[in-house]
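Subject: Structure handover

Hello,

Here is the structure I said I would pass on. My notes on charged pairs and surface residues follow below it.

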Amino acid sequence: MNAESTPSSSDERRLSNPDGALLRSVLDADIGQVPDVLDGVQRRIRQRSAGRFYADGWSTSRHAPTSVYLLTALFMLAICALTYAILRPFAGQPAETDLTPAPVEVLAPQLHRPEASPSAPSSTP
Amino acid sequence: MASSPALIPDDAEARFVHRLRQRDEQAFNELVLAFEERIFRLVWRMVGRRDEAEDMTQEVFVQVFKAIDQFRGDSKLGTWVYRIAVNLCKNRAKYHSRRHRDGHYDLEGSEARATHERAEGLTSGETSRPDHLVLGYQVEQIVQMCLRDMDPDFREVLVLRDVECLSYEEIGAITGLPEGTVKSRLHRARATLQAAVESSLGETIR
């Protein structure tokens, strides 16, 4: 390695320094955003304890939550009924529409009569 | 960076451990929030992969939750959590070595690169010349590669002492080694690392 690419003396000191300064400088980097560990830990404990800890009442349930489905359906029906009851008075009556058809004048068809040709021989008696 | 596993005052620790033993979820949340960053840093430096470090950090706290009844209070709670983390990392390293997995060491990646700009000395950060910048970056790569290839027993004392800045006593409590053994192992680890780096650089660095 030539002089151009030789590390500086301070660099060499750092590498040979037994207190691990180089190691720190290489590894003691800001690791940026630390991931959200808590959510993952809670999820693992919930799954491995079959919902005994950090239970949310549904993610680790061993049975289909039929009652939840039923209650949700009833709740949505109630919402629909309530909405209809509120909006119904504002609907009003439909405007009167005259559905009588307009009178139609029926004309007699005009017969097409071809005009007499001037070159045609006259039928003089 | 000076970090110590002891984050909870002595008088409060006993009460806190009691809450953990009662499986108080709120207490456990506090434990995770108090230690997650330090454990993640430690694990990341031990395993070298960010995604794997995230997975293992979660696993550390799951193990703490499962084994909190076995905590006898002979050491600090933080030291005990560190011990679980180090043991998990060593077990993972042995697992990988058995499977001959060529782990991708990505400590140099993404966010770490940005902060290397601030690094000093032989690292690429403080050099202004392009050739020195390249050389510094190569040295970083080499040091990381040598650390990855190092024996896990050596790597743990190196990381705990030279990166985490723990005392010999704390390292002894975490690794279960006598203080004298920690010192001798650290000395051998540094020598091994330096020899490996020198060998990789192809020259003797004084």
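Arg48(A) is partly exposed, with a relative accessibility of 49%. Please keep in mind that this is a predicted model. The side chain of Arg48(A) forms a salt bridge with Glu59(B), and the closest N and O atoms of the two are 2.9 Å apart. Arg48(A) lies in helix H3 (residues 37–48) of chain A and Glu59(B) in helix H3 (residues 50–67) of chain B, so this salt bridge joins two chains. Unlike its partly exposed partner, Glu59(B) has a relative accessibility of 12% and is buried, because the cut-off for buried is under 20%.

In general, side chains of opposite charge can pair when their charged atoms come close. Over all chains, a search of the whole structure gives 19 salt bridges. Two further ones, both within chain B, are described next.

Arg19(B) and Asp24(B) are joined by a salt bridge, with 3.2 Å from N to O. Arg19(B) has a relative accessible area of 28%, which makes this residue partly exposed. Asp24(B) is partly exposed as well, at 25%.

Glu179(B) and Lys183(B) also meet in a salt bridge, where the distance from N to O is 3.9 Å. How far apart are these two residues in helix H9 of chain B? They are four residues apart, about one turn of the helix, which covers residues 179–201. Glu179(B) is partly exposed at 40% relative accessibility, and Lys183(B) is partly exposed with a relative accessible area of 41%.

Some salt bridges share partners, and one network built in this way takes in Arg44(A) and Arg48(A) from chain A. From chain B the network includes Arg49(B), Asp51(B), Glu52(B), Asp55(B), Glu59(B) and Arg92(B). The pair described at the start, Arg48(A) and Glu59(B), therefore belongs to this network and links helix H3 of chain A with helix H3 of chain B.

The last item is a nonpolar patch on the surface. Which residues form the patch? They are Leu70(A), Leu71(A), Leu74(A) and Leu77(A), and together they have about 440 Å² of accessible area. Leu71(A), one of these residues, is located in helix H4 of chain A, which spans residues 66–87. With a relative accessibility of 58%, Leu71(A) counts as exposed, because exposed means over 50%.

Regards

Technical notes
Residues numbered from 1 in each chain as written. Chains lettered and ligands numbered in written order. Predicted model: local features only at pLDDT ≥ 70, side-chain atom pairs only at ≥ 80, totals over all residues. Heavy atoms only, no water. Salt bridge = Lys/Arg side-chain N within 4 Å of Asp/Glu carboxyl O. Buried < 20%, exposed > 50% of the residue type's maximum accessible area, 1.4 Å probe, protein only. Patch = residues over 30% accessible without salt bridge, like charges linked within 9 Å, V, L, I, M, F, W, Y side chains within 5 Å. Areas by Shrake-Rupley, 256 points an atom, 1.4 Å probe, with all protein chains shown as cover.
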